[in-house]
Amino acid sequence: MAGASGTLDLRGRSASARFEENPATRDNPWARRIILATSLAFFALFLVMPLAAVFVEALRRGLSVYVAALTEPDALSAIKLTLIVAAVSVPMNLVFGIAAAWAITKFDFKGKQFLITLIDLPFSVSPVIAGLVFVLVFGAQGWFGPWLRENDIKVIFAVPGIVLATVFVTFPFVARELIPLMQAQGTEEEEAALTLGATGWQMFRRVTLPNIKWALLYGVILCNARAMGEFGAVSVVSGHIRGLTNTMPLHVEILYNEYQFAAAFAVASLLALLALLTLALKSYIEWRTAQQGTVGDTP
Amino acid sequence: MSGPAARRGARTSFWSLAVALGITFGSSAGHTQTLLNVSYDPTREFYQEYNAAFIKHWKEKTGETLTFRQSHGGSSKQARSVIDGLEADVVTLALAYDIDALHENGKLIPADWQKRLPHNSSPYTSTIVFLVRKGNPKGIKDWPDLARPGVEVITPNPKTSGGARWNYLAAWGYALKQPGGTEDKAREFVKAIYQNVKVLDSGARGSTTTFTERGIGDVLISWENEAFLALKELGPEKYEIVVPSLTILAEPPVTVVDKVVDKRGTRKQAEAYLEYLYSEEGQVLAGKHFYRPRSAKAAAKYADVFVKANLFTIDDVFGGWQKAQKTHFSDGGTFDQIHAKR
């Protein structure tokens with residue numbers, strides 16, 4: 001709770017204070033309480049309770065069961081695979097996201113609007129369809145299937161397929177964070193740098209990157225969170241080979257279906273912990289961004 | 001400037017971490033020959049134990065160390081994955097039709113695959129029974145009780161689940177074998193049952209968790225082995241098994257995937273793996289995991305577990321899987337007809 005109200009304060013103190021002090025816009029105290037109570041109740045019911053349930057269920061049969069569930073070979077392999085997939089797909093989307101945002105905000109070209117729409121495509125396509133698309137393209141009966149088979153390259157039902165599916169679903173995060181910011185910043189600073197004789201790379205490194213770094217990091221964190229948690233698309237291309245192509249979310253499902261509830265929730269709690277860590281990082285970055293806005297850039 | 005530099009450093013360590021993980025990940029695969037068994041939902045626990053037994057047997061016999069990997073899911077979905085390129089050395093699926101699909105799509109196995117091992121390549125059998133809540137509050141004794149109004153039935157979707165197709169055909173065969181039974185009467189009977197179905201999960205295990213964990217429904221139509229496993233894992237004080245007066249003999253078959261084993265050079269090991277299912281040790285393990293063994297000796301050992309049931313086979317009543325699939329589960333088949341009319 002403290003974190004949530006903290007960020008609200010930082011961002012909206014002046015606006016909300018002005019709103020409340022002005023008799024014309026001040027809310028009825030009852031309306032205020034009801035609104036607050038409603039949002040708190042929702043928060044408790046839909047966010048805090050399920051999260052707490054995960055940890056309670058995970059530790060129900062004691063710490064030793066919890067540790068055993070996480071150190072069992074299949075679980076370790078699932079954790080490793082999840083980290084590998086995130087470690088490959090996040091940098092890929094980082095590079096792509098910067099390139100796309102750069103292209104869209106710094107240049108004018110035909111079909112720009114179309115490109116923006118295209119970047120959003122993974123948000124609107126169901127992850128299951130995303131997975132199936134890769135099966136249709138790279139599967140044994142798919143377009144490149146025979147060629148891949150002849151050259152003994154495995155894409156689907158192996159790590160590359162899982163990475164591909166993850167890259168697809170996490171595609172928009174970085175670009176989506178950068179585009180509004182870079183649009184707002186405009187091109188003046190870059191133009192100034194060029195006028196002063198900077199090379200393209202110098203300009204990017206010394207002007208653009210410092211300007212966008214917090215938004216970039218924010219996008220990367222969101223991208224990473226989704227990469228680790230993705231279920232649908234990965235489930236379609238994984239093949240569910242235990243100890244080989246199961247990521248953490250898939251492993252949770254397997255354990256649950258095997259009646260190993262404590263173990264399932266143990267792995268789920270680790271995923272939840274990673275998510276909470278991500279959330280903490282995100283809050284920190286929001287706080288830094290807010291600071292940057294008021295007192296300037298002090299890295 | 002320290003910001004970007006520090007982050008660059010962080011990213012470098014990020015990559016070295018990824019590489020390090022990649023190395024450990026790669027090396028853990030090691031040099032031992034690894035085989036993949038692609039199976040259906042309820043066999044998880046059985047093959048886990050059987051793999052360990054076979055690895056030991058093979059090591060003693062040949063000195064070679066093998067590793068087995070398992071993949072489980074709805075039977076038809078698993079067949080689809082193998083067709084799409086999942087490199088299964090052996091498949092152990094719920095019904096012959098799903099394995100036939102490996103021949104029809106991509107010619108992964110020969111057409112006469114089912115003749116390669118004894119008993120139609122089915123080393124163990126099972127049957128279809130009912131799982132009800134303790135005390136049997138709705139008084140469910142036989143198939144007609146499932147068609148009664150007010151009884152909630154749980155069974156998976158026959159389009160995706162092998163077990164669900166056995167369930168459907170068991171009900172159909174029962175109605176057909178009643179005095180004066182006709183195809184029309186059977187259709188009406190099965191339709192009445194499916195009107196009581198609340199949830200159609202995609203696989204057998206999904207249906208079991210719907211019935212047990214989510215507490216939905218009065219009766220689960222289930223593989224016998226799956227019902228026994230639910231009793232064992234979740235407590236015999238919660239559920240009861242009811243064996244209907246007449247049900248189907250379910251034969252889950254196995255085969256080597258020729259195109260894969262010939263490419264990977266694992267034919268010898270894969271064939272031995274399946275043949276060992278017929279050995280005394282394999283049969284006893286099957287019995288232990290609530291599959292009905294083929295061998296008389298192993299069957300005798302578990303005689304008190306398995307109720308003697310009146311069974312009919314798919315060949316007798318439906319003329320084999322190809323025909324049954326076409327009549328009942330293809331697009332526009334009887335399942336679509338009764339499902340659409342709901």
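**View 1. Chain A, end to end.** Read along the sequence, chain A runs α-α-α-α-α-α-α-α-α-α-α-α-α-α. In this predicted model, that adds up to 14 helices and 0 strands. The C-alpha trace of chain A spans about 65 × 55 × 30 Å along its principal axes. Of its 299 residues, 41% count as buried. If you take the contacts in chain A with a separation of 6 or more, 71% of them join residues 24 or more positions apart.

**View 2. How far to trust chain A.** The mean pLDDT of chain A is 86, and 93% of the residues score at least 70. Among the elements of chain A, helix 8 (residues 159-170) comes out highest, with a mean of 94, and helix 1 (residues 2-21) lowest, with 56. Residues 1-11 of chain A sit below 50, and this stretch has 5 contacts in the model beyond near neighbours in sequence. At the other end of the numbering, residues 295-299 of chain A are also below 50, with 8 contacts counted that way. Where pLDDT is low, don't read the predicted coordinates in detail.

**View 3. Helix 9 against helix 11 in chain A.** Here are helix 9 (residues 172-185) and helix 11 (residues 200-229) of chain A, whose axes come within 7 Å and cross at roughly 155°. An angle over 145 degrees counts as roughly antiparallel, and helix 9 and helix 11 of chain A are therefore roughly antiparallel to each other. Their crossing is right-handed. From helix 9 of chain A, the contact takes in A:Phe173, A:Val174, A:Glu177, A:Leu178, A:Leu181, A:Met182 and A:Gln185. Across from them, helix 11 of chain A brings residues including A:Thr208, A:Asn211, A:Ile212, A:Ala215, A:Tyr218, A:Gly219, A:Leu222 and A:Arg226. Sorted by class, the contact of helix 9 with helix 11 of chain A has 12 nonpolar, 4 polar and 2 charged residues. As for the spacing along such helices, an α-helix has 3.6 residues a turn, so residues three or four places apart point the same way.

**View 4. Helix 8 against helix 11 in chain A.** What angle do the axes of helix 8 and helix 11 of chain A make where they cross? They cross at roughly 135° and come within 9 Å. That makes helix 8 of chain A oblique to helix 11 of chain A. The crossing of helix 8 and helix 11 of chain A is right-handed. On the helix 8 side of chain A, the residues in contact are A:Thr166, A:Val169 and A:Thr170, and on the helix 11 side they are A:Cys223, A:Arg226 and A:Ala227. By class, this contact of helix 8 with helix 11 of chain A splits into 3 nonpolar, 2 polar and 1 charged. Two of the names should ring a bell from View 3: A:Cys223 and A:Arg226 of helix 11 of chain A also meet helix 9 of chain A.

**View 5. Helix 13 of chain A, tucked in.** In helix 13 (residues 248-257) of chain A, 8 of the 10 residues are buried, so this helix is largely enclosed by the rest of the structure. The buried ones are A:Met248, A:Pro249, A:Leu250, A:His251, A:Val252, A:Ile254, A:Leu255 and A:Asn257. Just after helix 13 of chain A, look for A:Tyr259, which takes a positive phi of about 65°.

**View 6. B:Thr209, where chain B touches chain A.** B:Thr209 belongs to helix 8 (residues 204-212) of chain B. Is B:Thr209 buried or exposed? With a relative accessibility of 7%, B:Thr209 counts as buried. Setting aside its neighbours within four places in sequence, B:Thr209 contacts A:Tyr256, A:Asn257 and B:Arg214. A:Asn257 is one of the buried residues of helix 13 of chain A. For the complex, the predictor gives an ipTM of 0.74 and a pTM of 0.79.

**View 7. B:Arg292 and its surroundings.** B:Arg292 lies in strand 11 (residues 292-293) of chain B and is buried, with a relative accessible area of 12%. Which residues does B:Arg292 contact, leaving aside neighbours within four places in sequence? They are B:Tyr124, B:Thr125, B:Thr127, B:Glu224, B:Phe306, B:Val307 and B:Ala309. B:Asn310 is 18 residues from B:Arg292 in sequence and 14 Å away in space, C-alpha to C-alpha. Chain B has a mean pLDDT of 88, and 90% of its residues reach 70 or more. Residues 1-30 of chain B are below 50, with 23 contacts in the model beyond near neighbours in sequence.

How values were computed. Residues numbered from 1 in each chain as written. Chains lettered and ligands numbered in written order. Predicted model: local features only at pLDDT ≥ 70, side-chain atom pairs only at ≥ 80, totals over all residues. Heavy atoms only, no water. pLDDT = per-residue confidence, 0-100. Helix = DSSP H or I, 4+ residues; strand = E, 2+ residues; numbered from the N terminus. Contact = heavy atoms within 4.5 Å. Buried < 20%, exposed > 50% of the residue type's maximum accessible area, 1.4 Å probe, protein only. Axes fitted to C-alpha atoms, helices over the stretch in contact; angles between N-to-C directions. Parallel < 35°, antiparallel > 145°, perpendicular 65-115°, else oblique. Left-handed = near helix turned anticlockwise from the far one by under 90°. Nonpolar A, V, L, I, M, F, W, Y, C, P; charged D, E, K, R; others polar.
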